[in-house]
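Colleague: I am new to reading models, and I would like to learn what stands behind the words people use for them. Could we go through a few together?

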Amino acid sequence: MIKTPEALLEQFCQAASRVGARTVRCLSAKAAVDYIVRHAGGTIILPDFPAARQLNLAELLRTQGAEVICGDLFQAATTAAAGITGANFGLADTGTVVIESTAQAIRLASTLPERHFVLLNPHKILPDHMAAVPILRRLHSRQSPDFIAFITGPSRTADIERVLTIGAHGPRELHILLLDGLSDDFLET
Amino acid sequence: MSRRARQYRHLIDQALSDVRRQDALHRFGDAYLAARAEAFADLDFESLRHDIAVMKDTVRDDWPHQLEKFMQQAAATGAKVFLAPDAQAANTYITDLAQRHDARLAVKSKSMAGEEIALNHALEGIGIRVVETDLGEWIVQLAGQRPSHMVMPAIHMFRDQVAELFGKLTGEHEAEDIAHLVELARQTLRKEFLHADLGISGANLAVVEDGSLALVTNEGNARLVATIPPVHVVLVGIDKLVPCLEDAVKVLQVLPRNATAQAASSYVTWLRGPSPGRDQQPRELHIVLLDNGRSKLASSKESRDAWRCLRCGACANVCPVYQTIGGHVFGHVYVGAIGIVLTAFLHGLDDAAELIQACIGCRACVNVCPAHIDLEHIILGLRRRLAETEGVGLIKDLLFKRVLRNRRLFHGLLRTASRMQKPLTGSTSSVRHLPLFFSSLTEWRTLPAIAPRPLRDLLAEQPLVAEPRLRVALFGGCAAEFVLPDIGLALARVFRHFNIELVYPEDQSCCGIPALYSGDAATATELARQSVLALTKTQADAVVTVCPTCTTALTKHFPELLAEDPALADCAAGLAAITRDAAVLLAEQLADASPVGPANTAGTVTYHDSCHLRRGSDVYLQPRRLLATAGWQLTEMAHPDRCCGFGGSYSVLGQPTIARAIAKDKLADILATSAEVVAADCPGCLIMLRGLLEKSNAPTRVAHSVQLLADTLPDK
Ligand code: SF4
């Protein structure tokens with residue numbers, strides 16, 4: 001059975017919330033920026049990626065009073081409260097976001113801070129991992145080296161007495177911001 | 001007993017006294033099964049694992065070619081690729097690399113291959129500090145131990161022990177609070193990541209198609225290992241190769257579900273070539289492909305299926321022996337059932353000897369393995385090889401070669417034993433002390449007496465069926481023949497009622513499994529020959545057994561053992577096709593018979609699934625239906641399909657202390673149902689259960705389901 005885009009999005013949001021990620025429908029770039037500023041809790045690191053450029057995100061965030069660091073993020077990443085990246089697409093069955101992360105700054109922003117905000121075009125949701133294979137293959141053949149991250153919920157561990165604990169080495173919070181009008185190319189974030 | 005065996009016994013005793021840990025592992029096993037069932041709710045596990053097995057076999061059978069292609073592809077991405085034939089070569093490559101980069105600190109994300117080659121030891125040997133960054137692995141490292149589970153390395157420890165350990169590190173008192181302990185690890189390890197010169201990880205998959213690697217974690221440590229240090233070494237076994245991305249995704253669909261009951265792990269990282277560092281500075285990626293016995297494994301006829309292993313750890317999770325003694329005793333580097341097989345391969349049969357004997361043969365692991373590995377079968381093969389080199393032990397050797405192969409002598413001996421034990425049995429049918437070889441093991445359950453008259457004598461006195469609609473030969477098996485002949489009599493009664501003739505060929509002997517599973521294949525073959533001849537002569541329409549172990553012998557082992565015997569190979573295959581467990585045969589024959597007794601009037605019963613019947617033959621509905629047909633009211637116990645601890649000769653001659661601990665769990669589950677009767681379809685289980693219940697003075701009756709059916713038949 002082929003699902004409608006709405007049904008896929010709905011499934012994606014449910015699956016993401018099951019694994020502890022938050023999904024937020026944003027009606028405008030402004031709404032997304034407001035949300036980020038409200039929840040960032042401190043310095044934001046913002047690596048370079050297409051959606052950030054398209055929205056002029058750094059500007060917008062700063063206008064709202066946020067402290068934003070761009071460029072060489074390495075030092076800032078270790079103490080920043082939040083990181084923002086785009087996502088190439090999402091997977092409905094597990095609530096996963098797929099992020100092309102070859103540039104180190106993307107990896108730092110999505111790994112070191114306590115909070116990770118992901119911008120995702122809600123029309124780019126695939127049903128499952130198998131459906132992602134052709135795109136993964138294209139991403140792989142486009143360039144090497146490359147580094148593609150499939151992220152499902154925040155960082156977690158159950159290594160002590162099997163008690164689930166959120167925030168092991170990676171972000172404690174994963175916020176997925178669903179925003180129309182972002183690139184509809186699956187190879188692009 | 002050898003010194004090594006004595007030491008092992010000592011370790012077992014120590015593990016058995018750790019009640020808190022046993023309890024935790026049991027609860028883990030239960031919680032795991034429930035969560036796993038939910039994780040697979042919408043998927044067809046059987047077909048998924050079939051696909052994975054086929055895919056892994058394709059790579060295995062073509063590994064040199066697949067490996068070469070992967071190495072080319074990976075090299076084209078800019079990675080440095082090295083094939084390490086053994087542990088030493090891998091360690092030397094990595095230590096040389098570390099020295100070239102003048103490395104002082106290495107951060108490591110969990111790698112079982114790293115454990116296998118003792119990489120930390122090698123690096124520390126040249127003065128490099130190695131820090132494990134997976135929380136469980138770090139805990140184990142700080143404690144100076146090795147992982148007791150492949151996925152959850154510190155599952156044997158508790159929060160107070162972790163707090164104490166961390167306290168030693170910080171010099172402060174650390175609260176026994178898990179969130180606090182995780183935070184402490186995060187902060188401490190964060191610093192190590194930032195200063196590390198070398199990152200080392202394993203990989204879950206190596207994709208031949210494009211030279212990519214997939215790393216799966218929940219904590220995110222592998223991402224940091226792959227991101228921050230200027231040099232990243234991936235150590236990966238050549239068994240992790242998969243042909244293409246579709247295959248990789250299939251594995252990723254099953255792996256987290258089977259390992260931790262998650263639909264997806266938090267992070268799956270696809271790595272192709274050395275991703276750039278700060279300011280687009282180039283980093284280095286080294287892929288060390290580890291053979292270390294794997295190519296030998298691929299060509300081992302009996303063990304090669306172990307190549308398929310995904311290292312999900314499930315075979316330990318569900319293993320009653322693992323739950324009882326834990327991974328430090330039941331494992332070497334790799335733990336659980338696969339640990340037995342890999343230890344034998346990587347470290348030699350000698351080092352694996354005790355582990356090989358510790359398997360109880362319950363097949364729980366076979367049921368959950370996502371790569372469809374028949375672990376029990378492989379372990380039996382290893383046991384056979386062990387017997388060839390070490391012998392099966394003096395007592396068993398005598399028993400098997402001299403006694404078991406000679407039916408007259410064997411049966412004569414048992415008849416004598418039956419007479420000799422008379423003064424000991426007193427009024428009950430169980431002895432407190434058993435004659436001959438079963439001695440000194442009776443403190444925790446009674447052992448059965450040998451019946452005054454064997455089944456063959458009793459059956460000879462049974463009335464004949466005038467015009468039978470079916471002729472069925474009974475393969476009795478030792479337990480039903482000499483210890484519990486009432487089961488056979490009950491079957492005769494049921495058959496008479498339904499107009500089926502029961503034939504009992506005189507020359508049949510022991511099914512040979514005690515010898516086979518102890519490693520004495522020659523005796524097993526001789527016994528198979530004797531019984532196949534005897535059964536074939538009857539020209540019966542079907543063969544029935546009241547013991548699922550015997551069924552396994554007839555349907556599986558006899559054809560295998562006699563495959564090369566020109567005279568008997570066909571006979572054995574023919575018999576295998578018409579052999580049924582009593583419950584299955586009755587279910588087939590009585591499919592449209594009306595209920596024997598009115599529903600729920602016979603009494604309350606709880607049913608124990610014997611391992612060989614439930615997992616060996618996938619039979620569990622038929623006996624339950626049979627009981628209902630006979631008017632019994634069924635109350636299910638918790639874990640009806642968990643092993644009772646009998647495991648053939650295991651509980652008597654193998655590892656009686658482990659068997660005892662496993663049996664204790666079963667007893668509790670039975671008593672909790674308050675059923676009047678506990679039924680099972682296996683004489684071995686019945687002996688075990690009866691012994692347990694008698695010793696604990698419980699009034700619960702123990703019976704074969706055929707007996708319960710016979711009980712409700714109208715008198716004739
Ligand atoms: S043998 Fe099977 S169950 Fe055991 S770890 Fe390997 S894949 Fe998992």
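Modeller: Happily! Let us start with the side chains of B:Asp291 and B:Ser295, which are joined by a polar contact of 2.6 Å.

Colleague: What makes the pair of B:Asp291 and B:Ser295 a polar contact?

Modeller: The term asks for a pair of N or O atoms within 3.5 Å; within protein, one must be able to donate a hydrogen and the other to accept it, and residues adjacent in sequence count only if both atoms are side-chain atoms. The value here is 2.6 Å, so the pair earns the name. The side chain of B:Asp291 also has a polar atom 3.0 Å from the backbone nitrogen of B:Arg294.

Colleague: Before we go on, what kind of model is this?

Modeller: This is a predicted model, where local features need pLDDT of at least 70 and side-chain atom pairs count only at pLDDT 80 or more, while totals for chains, interfaces and linings use all residues. Residues are numbered from 1 along each chain as its sequence is written, chains are lettered from A and ligands numbered from 1 in the order in which they are written, and side-chain values use heavy atoms, with hydrogens and water left out.

Colleague: How do you know that B:Asp291 has no salt bridge?

Modeller: A salt bridge needs a side-chain nitrogen of Lys or Arg within 4 Å of a carboxyl oxygen of Asp or Glu. For B:Asp291 the nearest side chain of opposite charge (Lys and Arg count as positive, Asp and Glu as negative; His and the chain ends are not counted) is B:Arg294, 6.1 Å away. That is beyond the limit, so no salt bridge is called.

Colleague: Where does B:Asp291 sit, and which residues does B:Asp291 touch?

Modeller: B:Asp291 is in the loop between strand E10 (284–290) and helix H13 (294–298) of chain B; helices (H or I, at least four residues) and strands (E, at least two) are DSSP runs, numbered from the N terminus. Leaving out residues up to four places away in sequence, B:Asp291 touches B:Trp63, B:Ala84, B:Pro85 and B:Ile238, where contact means heavy atoms within 4.5 Å.

Colleague: B:Asn292 is in that loop between E10 and H13 too. Why is B:Asn292 called buried?

Modeller: Buried means under 20% relative accessible area, exposed over 50%, partly exposed in between (1.4 Å probe, protein chains only). B:Asn292 has 15%, so B:Asn292 is buried.

Colleague: And what stands out about phi of B:Asn292?

Modeller: Phi of B:Asn292 is near 45°, a positive value in a residue other than glycine. Most residues other than glycine have a negative phi. B:Arg311, in the loop between H13 and helix H14 (314–317) of chain B, has a positive phi of about 60°.

Colleague: How many aromatic pairs are there over all chains?

Modeller: The count comes to 8. One of them joins A:Tyr35 and A:Phe117, with 6.3 Å centre to centre and 80° between the planes.

Colleague: Why is the pair of A:Tyr35 and A:Phe117 called edge-to-face?

Modeller: Rings of Phe, Tyr and Trp (its six-membered ring) pair if their centres lie within 6.5 Å; planes under 30 degrees apart count as stacked, over 60 as edge-to-face and the rest as tilted. With 6.3 Å and 80°, the pair is therefore edge-to-face. A:Tyr35 is in helix H2 (residues 29–40) and A:Phe117 in strand E7 (residues 115–120) of chain A, 82 residues apart. A:Tyr35 is buried at 7%, and A:Phe117 is buried at 0%.
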